[in-house]
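Reader: I've just opened this one and could use a hand finding my way around. Can we talk it through?

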Amino acid sequence: MSIQKRFVVSLIFSLPMLINMVLMPFGVQLPGGTWMMFMLTTVIMVVSALPFLRSAWAAFLNHQANMDTLVAIGTATAYFYSIYAMLNGQSVFFESAAFVITFILLGQVLEARMKKSASNSVQKLLNLQAKEAEVMRDGEFIRVPLNQVVVGDIVHVKPGQKIAVDGVITEGHSTVDESMVTGESMPTTKSVGDEVIGSTINGTGTFLFEARKVGDETLLAQIVEMVKKAQVSHAPIQKTVDKIAGIFVPTVLIIAILSFVIWYVFLGASVVNAMLFAVSVVIIACPCALGIATPTALMVGTGRSAKLGILIKNGEVLEAANTIKMVVFDKTGTITEGKPVVTDIIGDEQQVLTIAASLEADSEHPLASAILAKAKAAQISVSLIENFEAIEGLGIQARIAGKPAFVGREKLASDGDAADEFAEQRQELQQAAKTVVTVGYAGQIIGLIAIQDVPKPSSKRAIAALKQRGLRTVMLTGDNARVAQAIADQVGIDEVVADVLPSDKADRVEQLKESAPVAFVGDGINDAPALTTADVGIAMGSGTDIAIESGGIVLVKNDLFDVVRALELSQQTFRRIKLNLFWAFIYNTLGIPIAAGLFAGLGLILSPELAGLGMALSSISVVASSLLLNRAKLTTA
Amino acid sequence: MLIKMLVLAIAIGMIAFIVWWFFKNRTSEGVAAEMNASDQTQNVEVVVNGGYTPNQVVLKKGVPAQIIFHRKDPSGCLEQVVFPDFGINAALPVNEDYTVEIDTRKAGEFDYACGMNMFHGKVVVEP
């Protein structure tokens, strides 16, 4: 029989006794009196309470005790004593047993409901998956179930459809809503060559893509796997709780026996009263609030962060994230975009760009692609060039419309001694750690283009937010000190460690760890050693190539502000765990003495019914407190 | 007075019994999984009734393994079984077999517990 049914039975059969209790002062009595109560309670004991007794007995045989032990002993004592008292014409307390069972079952029903809503975030993620895909087979597009899509398949995606698996667009373009996987709320534009993520939703365009990852390999499947593991992992704080829980129930039984003995033997209380104290002790001391304090908070915390595109690997990482005093960043690709862009153009922008782009049109150099991207954005069309010549270490020269043109070092100017009116500006730009190329045409220097790997838009805000949280920020980079410092100044980083060889990054992190607990933020592929060395490794991802194994925390989006959110969420979750544990402990440390009658002199006593209600409330309040994590405020970008 | 002395004596006896029954260390031997020669797998049955019996199972490394949980206990306490190391969190149906696949690629001792972490069991993967 399910818990719900057991609860309904015990509710129905205890209602008459509840009404009786309320109406007693008005002289109204339940027909049948004591015998009626006996019969009602017997039904509850047999139908609703028997599973508790059976489970308690089975545990007892294994030398174990749990909350069922406490419920079984408490209610059975009340019930069997009342039968004895009834036969001897003394006062009975059948209703105590009945009400305790009802309340505890109510607590379990509510707890099960809330736990379900706490754990269904993973299910929600899985439900995002497309059920079918339109796949090219034998020259035709046919619908196949998701599990029949294989790597290399060409998949057709119509407007509004779900993208089935991870892949790369081969034809067409569109905007894609990736919020369900990355947490990014703005739709992203995708065209040929761009990666698409399975389970995200296509906007208004139509496109074809080649499947690259299917089944367990997809980003979503990996996220689900990681969240599942995180949700059932244990925080180190739990270990102490486990130790206490192991001896908790037998200890409570001893306390209950002691309170009976003290009241009956030494204080001269009646058997009934002494027994009521003992039963209350047994009933109130539910260890389940203690048991669920950590797991429920962990479940809600990690589930919520996953929705935001922040994957926290386990409870250990979550706890460690709370002690962090310093955040160390990799520069390229983490603080910065990772690819150089044109930041300044000096001179006639149109002319300078046209010349430079025309000369660089076929170059593979990163600086060239920055110039070409800029020219494309400015809708500049390149001119035809002749006599193309690349001069090692200096730049490129050629003829455009019959006149000589160059891009590169200023030395390429044909009149080496011609007045260089841009000298001052060039120096200024170079001081800001920008790479400057000079553009010349018809024997004259016509302008400059400054190129730099610029910080991501969110970097400055993210670093400011981290500093506001009292964290020291450090940048670790292989670049020279001047370039590194220029970027650090732009984003407001406290400290720069420059000229670090990639292989030395982990050692540097080790050194920094000596002064304070360190979080390292970097990309999961190049920075793997440093990520593992740090107390908390935060791996930034982009697209589908997320190295999920490399970091304790993985950010699906390539947004530095998620570092702030990740630390914030860890802190809030951990704080909630501590709060839950605090309440669970307080509840027991206060509840047991009160139930034992320690404060009876002050008129403060706890009947078994109230103890049962309190016990139900304690676990409900812990689960509710964990669910509140879903609503906790976060610093928004 | 005599009755009170008697009650006191019984109470002391009960406390002594509780301490002896619950707190005394009892270690049980692990039960090895049965090897299934035909399909190169191993499996072992664990009865869930007031705890896990046997509460320690021994598996061979590298052989795909299944633990078949048979839950007899209706208690909500034992409804879930959680393997933190493998990311498994399964709800066990009452009076039915439920199979949990264990990853035996790594040797070691892996604890598992019920949803409330009150009952514990252990999987030992031997090299």
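Author: Sure, here are some questions and answers on how two domains of this predicted model meet.

Reader: Which residues make up domain 3 of chain A?

Author: The domain assignment splits chain A into pieces, and domain 1 takes 1-127 + 228-305 + 565-637. Domain 3 of chain A is also given in separate stretches, namely 306-337 + 456-564.

Reader: How much area do domain 1 of chain A and domain 3 of chain A bury between them?

Author: Their centres, taken over C-alpha atoms, are 45 Å apart. The contact draws on 27 residues from domain 1 of chain A and 26 residues from domain 3 of chain A. Carbon and sulfur atoms carry 61% of the buried area, and the total is about 2,300 Å².

Reader: Which helix of chain A gives the largest share of the domain 1 side that touches domain 3?

Author: Helix 6 (219-232), helix 9 (288-307) and helix 19 (561-595) of chain A each supply at least two residues of that side. Ten residues come from one of them, the largest share, and that is helix 19 of chain A.

Reader: What is the distance between the closest N and O atoms in the salt bridge of R469(A) and E568(A)?

Author: Domain 1 of chain A and domain 3 of chain A have two salt bridges between them. A salt bridge needs the nitrogen and the carboxyl oxygen within 4 Å. R469(A) and E568(A) form a salt bridge, with their closest N and O atoms at 3.5 Å.

Methods
Residues numbered from 1 in each chain as written. Chains lettered and ligands numbered in written order. Predicted model: local features only at pLDDT ≥ 70, side-chain atom pairs only at ≥ 80, totals over all residues. Heavy atoms only, no water. Domains from an automatic or database assignment. Contact = heavy atoms within 4.5 Å. Buried area = accessible area lost by both parts, 1.4 Å probe. Salt bridge = Lys/Arg side-chain N within 4 Å of Asp/Glu carboxyl O. Helix = DSSP H or I, 4+ residues; strand = E, 2+ residues; numbered from the N terminus.
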